[in-house]
Structure formats: structure tokens, C-alpha cells
Amino acid sequence: MPALLKIDVSPRRERSVSRQLGQAIAADWLMRESSGRIIERDLAGPRMPLVDWEWIDAIYVQPDNPTPEGRALMRFSDVLIDELFAAEEILISTPMYNFGMPAALKGWVDQVARLNRTFTAEYKGLLLGKKLNAIITSGGNYEPGSYYSKMDFCSGHLRAIMAFIGITDTRIYMAGDTHDITQGKITMSDYVSKHAPKLIEAFAR
Ligand SMILES: Cc1cc2nc3c(=O)[nH]c(=O)nc-3n(C[C@H](O)[C@H](O)[C@H](O)COP(=O)(O)O)c2cc1C
């Protein structure tokens with residue numbers, strides 16, 4: 001049974017553009033993969049643990065003899081990594097915050113980029129044969145060639161870190177100008193209707 005790991009990031013829940021676009025893509029995927037299952041990971045839920053001393057101690061310093069707190073941290077990181085291994089496709093729907101990825105998404109990255117689990121000591125990625133699609137919503141416009149495109153530190157970082165852990169078949173769709181929705185120039189449903197077919201085309205392999 002094929003599996004899609006669907007990762008949502010925005011804390012704006014039902015007001016979130018990235019979540020609505022992600023939902024349209026997930027629905028399209030389910031239509032094509034009728035026996036498929038979706039693994040949901042909502043990063044706006046409980047906060048990701050930070051990489052602090054307890055985390056480093058458990059994961060890298062004494063992984064064979066962690067403290068009870070360290071064992072819990074390791075288990076949580078393992079759950080997130082297992083979700084990646086379980087899925088053939090991954091869909092990340094995220095806003096751009098301050099020209100980069102939101103802290104919640106960076107927190108997830110910090111949990112899943114792990115020596116001997118997702119990359120080797122020789123820096124070889126271990127998550128092979130997967131497809132990644134990502135939707136990045138932003139108030140401004142960062143399309144290649146646009147005025148602000150040089151300020152997009154979100155898509156390049158995401159692409160690079162996912163390649164580092166082995167996921168190289170990546171498509172990223174920049175859904176810009178969402179401020180038009182807040183400013184009442186376009187409705188949410190018109191925005192989603194405008195972008196959903198382009199997204200489906202952009203993600204087709
Ligand atoms: C804290 C914060 C930082 C933001 N930083 C940027 C930014 O750097 N560039 C940009 O174009 N939009 C920025 N935005 C706007 C969001 O990217 C935009 O509203 C996007 O649609 C949010 O996604 P969502 O609707 O899924 O929550 C920011 C919004 C917030 C709340």
C-alpha cells in the first residue's frame with residue numbers, strides 16, 4: 001500500500017493557504033492511489049524539541065545509555081524518521097517566515113537529520129527512492145527571476161537538507177502573493193482554484 005507523508009506547518013489552521021493547497025494535492029494523490037494511505041504530521045501541534053544538551057547527549061554522546069529524558073527525546077526523533085521511511089512520497093506544505101523556513105519546520109529537520117539513521121558518517125543519505133513535493137506560501141513573490149527571488153532562503157535550504165539525507169527527487173512550488181488574499185484582492189477559494197492545477201502539473205513525474 002503506497003503511503004504519502006503529509007506534513008503541515010502553518011499554525012493558522014483553517015485560515016492557512018499552505019494547508020488548503022496541500023489538501024488539494026493530497027486529495028489528487030488519493031484519487032490516483034485509491035489504496036494509498038496518508039500519514040499526517042502536523043508541526044503546529046506539540047512543539048518540536050530543540051537540539052539542546054539533553055538531545056545531543058542522548059543522540060550522540062551516550063545513545064546506548066540515555067537518561068529517561070534522553071530516551072524520550074530519542075524515541076520521538078525515531079517516530080519522525082520512521083514516518084519518512086514508511087512513505088514513498090512526502091508532501092510538505094509550509095509558509096515562508098522571515099525569508100526562511102518556520103522554526104517548527106526547522107525543528108522537524110533537526111529531528112530527522114540524524115547520523116546512522118538518515119545519513120552515514122561518510123555523509124551519504126539513507127532515505128533513498130523517495131519523492132518530495134513542497135509548497136511554500138508567502139505574502140510576497142519569490143518566483144525565479146522576480147525582484148525578491150534572491151531573498152528566498154527557504155526553498156534552497158529545504159532542498160539541500162533533504163538531499164543531504166537522501167531525498168533528491170524534489171519539486172518545490174512557490175505559491176506567492178498570498179497577501180492578495182488578506183488584502184481582499186482575491187478570495188481564498190479563487191486563490192486555491194488558481195494554484196491547484198498548476199501545483200498538480202508541477203508535481204507530476
Ligand atoms: C512571522 C511571519 C513571518 C513572515 N515572513 C514572511 C517573509 O519573509 N516573506 C513573505 O513573503 N511573507 C512572509 N510572511 C507571510 C506568510 O508567508 C504568508 O502569509 C503565508 O501565506 C502564510 O502561510 P499560511 O497561509 O499557510 O499560514 C510571514 C508571516 C508571518 C506570520
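**Phe164**

I began with the burial of Phe164 in this predicted model. I found 17 C-beta neighbours inside 10 Å, so I recorded Phe164 as partly exposed; a buried residue would need 20 or more. I placed Phe164 in helix 5, which covers residues 155-164. Setting aside residues up to four places away in sequence, I listed Ala113, Phe119 and Gly125 as the residues that Phe164 touches. I also looked up the pair Phe164 and Leu126: they are 38 residues apart in sequence, and their C-alpha atoms are 8.9 Å apart in space.

**Met48**

I then turned to Met48, which I located in the loop that links strand 2 (37-42) and helix 2 (53-61). I counted 19 C-beta neighbours inside 10 Å for Met48 and therefore entered this residue as partly exposed. Beyond residues up to four places away in sequence, I noted that Met48 touches Leu43, Ala104, Gly107, Trp108 and Gln111. From C-alpha to C-alpha, I read 10.0 Å between Met48 and Leu73, a pair 25 residues apart in sequence.

**Leu30**

I looked up Leu30 and found its place in helix 1. I recorded Leu30 as partly exposed because 14 other C-beta atoms lie within 10 Å. Apart from its neighbours within four places in sequence, I found Leu30 in contact with Gly36 and Ile38. I also checked Leu30 against Arg205: the two are 175 residues apart in sequence, with 16 Å between their C-alpha atoms.

**Strand 3 and its partners**

I asked how many residues of strand 3 are buried. I found that seven of its seven residues are buried, and I noted the strand as mostly covered. I checked each face of strand 3 in turn: Glu89, Leu91, Ser93 and Pro95 are buried on one side, and Ile90, Ile92 and Thr94 are buried on the other.

I next looked at the pairing of strand 3. I found strand 1 (residues 3-8) running parallel to strand 3, joined by five bridges. I noted Asp8 opposite Ser93 in strand 3. I also found strand 3 (residues 89-95) paired with strand 4 in the parallel sense, over seven bridges. For Ser93, I entered Ile135 as the bridge partner in strand 4. For Thr94, I entered Ile136 as the bridge partner in strand 4.

I checked the burial of strand 4 as well. I found six of its seven residues buried, so I described strand 4 as largely enclosed by the rest of the structure.

**Helix 7**

I asked why the end-to-end distance of helix 7 agrees with its number of residues. Helix 7 has 16 residues (188-203), which at 1.5 Å a residue should span 22 Å; I read 21 Å between its end C-alpha atoms, and this agrees. I noted a kink of about 30° at His195 in helix 7, shortly before the proline Pro197.

I listed the buried residues of helix 7 as Tyr191, His195, Leu199 and Phe203. I then looked up what these buried residues pack against, and found helix 1 (17-32), strand 4 (131-137), strand 5 (169-175) and helix 6 (179-182).

**Backbone angles**

I looked for residues with an unusual phi. Most residues other than glycine have a negative phi.

I found a positive phi of about 50° at Asn98, which is not a glycine. I placed Asn98 in the loop between strand 3 and helix 4 (103-112). I recorded Asn98 as exposed because 10 other C-beta atoms lie within 10 Å.

I found a positive phi of about 60° at Asp177, likewise not a glycine. I located Asp177 in the loop between strand 5 and helix 6. I recorded Asp177 as partly exposed because 18 other C-beta atoms lie within 10 Å.

**Ligand shell**

I finished with the ligand, and asked which residues are the closest to it. I found 16 residues surrounding the ligand, and the closest are Ser18, Pro95, Gly139, Gly140 and Thr178. I noted that helix 1 gives the most to this shell, with three residues. I sorted the shell by class and entered five nonpolar, nine polar and two charged residues. Pro95, one of the closest residues to the ligand, also appears in my entry on strand 3 as a buried residue.

Conventions
Residues numbered from 1 in each chain as written. Predicted model: local features only at pLDDT ≥ 70, side-chain atom pairs only at ≥ 80, totals over all residues. Helix = DSSP H or I, 4+ residues; strand = E, 2+ residues; numbered from the N terminus. Expected span 1.5 Å × (residues − 1). Bend = angle between axes of the 7 residues up to and from the residue. Buried ≥ 20, exposed ≤ 12 C-beta atoms within 10 Å, placed from the backbone. Contact = placed C-beta atoms within 7 Å. Near = placed C-beta within 6 Å. Nonpolar A, V, L, I, M, F, W, Y, C, P; charged D, E, K, R; others polar. Pairing = 2+ DSSP bridges.
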